[in-house]
Amino acid sequence: MIEPLRISFDVACPAEHAFRVWTSRIGTWWPPDHTVSGRPADVVLQSGVGGRIYERAADGTEHEWGEVTVWQPPARLAYLWYLGRDRADATEVEISFRPQGDSTRVDIEHRGWERVGEQWRDRTRIGWQTLLPHYRKEITHGRWH
């Protein structure tokens, strides 16, 4: 078994806002260099179990990234993740949003590396490190009051 990636951090907002920014506002913070097309017109995470995660290019072409498997707003979200790969090689991402006074603890567990190998895990660790600052910036930019 290949050890899951685990990432935890705090954001200065209620859990509802943290969840909403991750889900319905993903297109406002997801960086173009973490996409298939490199310049998507939109990034979409559809709500609810079975919701699609995808990018839509300017010409209307859609690139599948994943599928929502757990939808429990504002506390928990999980999805199959296969951006740039075949769905059969999907890994699993689970995110919890836990209130901590005036802030929220975000816990991410990314698992299922046995399907794609340790090299994908190492590459994805770097991807998370470059992706999450964009999310944190949008948390403070998009006020919830």
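Start with the lining of the largest pocket in this predicted model: colour its residues by type, and you will find nine nonpolar, six polar and three charged. The pocket they surround has a volume of about 410 Å³. To find its middle, select His34, Trp81, Leu83, Thr124 and Gly127, which are the closest to the centre among the 18 lining residues.

Next, highlight strand 5 and helix 3 (118-141), the elements that each give two or more residues to this lining. Helix 3 gives the most, with seven residues.

From strand 5 (76-81), step back along the chain into the loop that separates strand 5 from strand 4 (62-72), and select Pro74 there. What kind of peptide bond joins Pro73 and Pro74? Show the backbone of both residues: the bond is cis, with omega at about -5 degrees.

Now zoom out and switch to a cartoon view. You can pick out three helices and seven strands. Follow the chain from its start and the pattern reads β-α-α-β-β-β-β-β-β-α.

Turn the C-alpha trace next; along its principal axes the trace spans about 40 × 40 × 25 Å. The radius of gyration is 15 Å, which agrees with the value near 15 Å for a compact globule of 145 residues.

For a last stop, show the surface. Its accessible area comes to about 7,500 Å², and carbon and sulfur atoms account for 49% of that. Beneath the surface, buried residues make up 46% of the 145 residues. If you draw contacts with a separation of 6 or more, 47% of them link residues 24 or more positions apart.

How values were computed. Residues numbered from 1 in each chain as written. Predicted model: local features only at pLDDT ≥ 70, side-chain atom pairs only at ≥ 80, totals over all residues. Heavy atoms only, no water. Helix = DSSP H or I, 4+ residues; strand = E, 2+ residues; numbered from the N terminus. 1 Å grid on protein atoms, 1.4 Å probe; cavity = no way out; pocket = protein on both sides within 12 Å on 5 of 7 lines; lining within 4 Å. Points joined across faces, edges and corners; volume = space filled by probe spheres on them. Nonpolar A, V, L, I, M, F, W, Y, C, P; charged D, E, K, R; others polar. Rg over C-alpha atoms; globule rule 2.2 N^0.38 Å. Buried < 20%, exposed > 50% of the residue type's maximum accessible area, 1.4 Å probe, protein only. Contact = heavy atoms within 4.5 Å. Areas by Shrake-Rupley, 256 points an atom, 1.4 Å probe, with all protein chains shown as cover.
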